[in-house]
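Reader: I would like a close look at one part of this model, the interior and what packs around it. Please keep it plain and go residue by residue where that helps.

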Amino acid sequence: MTETLDPTIAARLKRDDAGLVAAVIQQHDTGEVLMLGWMDDEALRRTLTGGRVVFWSRSRREYWRKGDTSGHAQYVRSVALDCDGDALLVRVDQVGAACHTGTRTCFEAGGDLGAVVGERA
């Protein structure tokens with residue numbers, strides 16, 4: 001029998017045209033946002049049941065478990081679905097760099113875009 005994502009969870013997901021949901025990866029103890037990845041139902045099922053984060057690679061068109069080749073694994077602490085069902089928050093214990101460039105987060109290389117800082121009235 002083939003394992004599938006729990007139908008109750010699958011029914012709550014709002015996928016894009018490619019069948020994917022954005023997954024924001026966050027360090028569980030610091031709140032640091034590490035990266036953004038993409039999951040389909042199977043990647044989410046593997047993440048929920050395997051204890052390590054699994055993504056769908058849009059460029060390679062295959063599943064990849066973070067850290068299998070780099071050693072920079074992501075151990076799942078929790079997975080939550082947002083109110084609209086179109087984004088996941090995966091809280092992890094990150095080992096090493098989260099970014100393929102070797103930096104701690106994928107938001108270091110891109111840098112700050114210089115947004116005007118808003119003030120409360």
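Author: What follows goes through the core, one helix, one polar residue and a pair of cysteines.

The model is predicted. Its largest nonpolar core has 18 residues. Those with the most contacts inside this core are Ala 23, Ile 25, Met 39, Val 53, Phe 55, Leu 88 and Val 90. At least two core residues come from each of β1, β2, α2 (41–50), β3 (54–57) and β6 (87–94). In soluble globular proteins, nonpolar side chains tend to be buried together.

Ile 25 gives a view from inside the core. Leaving aside residues up to four places away in sequence, Ile 25 touches Glu 32, Val 33, Leu 34, Met 35, Val 53, Phe 55, Gln 74, Val 90 and Val 92.

Next, the helix α2. A side-chain oxygen of Asp 40 comes to within 3.1 Å of the backbone nitrogen of Glu 42 at the start of α2. The buried residues of α2 are Ala 43, Leu 44, Arg 45 and Thr 47. Their cover includes α1 (7–12), β2, β3, β4 (62–65), β5 and β6. After α2 comes Gly 51, with a positive phi near 80°.

Gly 51 is also among the residues that Gln 74 touches. Gln 74 belongs to strand β5 (residues 74–81), and its relative accessibility is 0%, so it counts as buried. Beyond four places in sequence, the contacts of Gln 74 include Ile 25, Met 35, Val 53 and Phe 55, along with Arg 52, Lys 66, Val 92, Asp 93 and Ala 98. Gln 94 is on that list too, and the side chains of Gln 74 and Gln 94 make a polar contact at 2.9 Å.

Val 92, which both Ile 25 and Gln 74 touch, also serves to place Gly 31. Gly 31 sits in the loop between β1 (21–27) and β2 (33–39). The C-alpha atoms of Gly 31 and Val 92 are 9.8 Å apart, with their positions 61 residues apart in sequence. Gly 31 has a relative accessible area of 30%, so it is partly exposed.

Last, the cysteines. A disulfide is a covalent bond between the sulfur atoms of two cysteines. The count here comes to zero disulfides. The cysteine sulfur closest to that of Cys 99 is in Cys 106, and because the distance is 3.5 Å, it is too far for a bond; the cut-off is 2.5 Å. Cys 106 is in no disulfide either. Cys 99 is buried, at 7% relative accessible area, whereas Cys 106 is partly exposed, at 30%.

Note on methods
Residues are numbered from 1 along each chain as its sequence is written. This is a predicted model: local features need pLDDT of at least 70, side-chain atom pairs count only at pLDDT 80 or more; totals for chains, interfaces and linings use all residues. Side-chain values use heavy atoms; hydrogens and water are left out. Helices (H or I, at least four residues) and strands (E, at least two) are DSSP runs, numbered from the N terminus. Buried means under 20% relative accessible area, exposed over 50%, partly exposed in between (1.4 Å probe, protein chains only). A polar contact is a pair of N or O atoms within 3.5 Å; within protein, one must be able to donate a hydrogen and the other to accept it, and residues adjacent in sequence count only if both atoms are side-chain atoms. Contact means heavy atoms within 4.5 Å. A nonpolar core is a set of buried Ala, Val, Leu, Ile, Met, Phe, Trp, Tyr and Cys residues joined through side-chain atoms within 4.5 Å.
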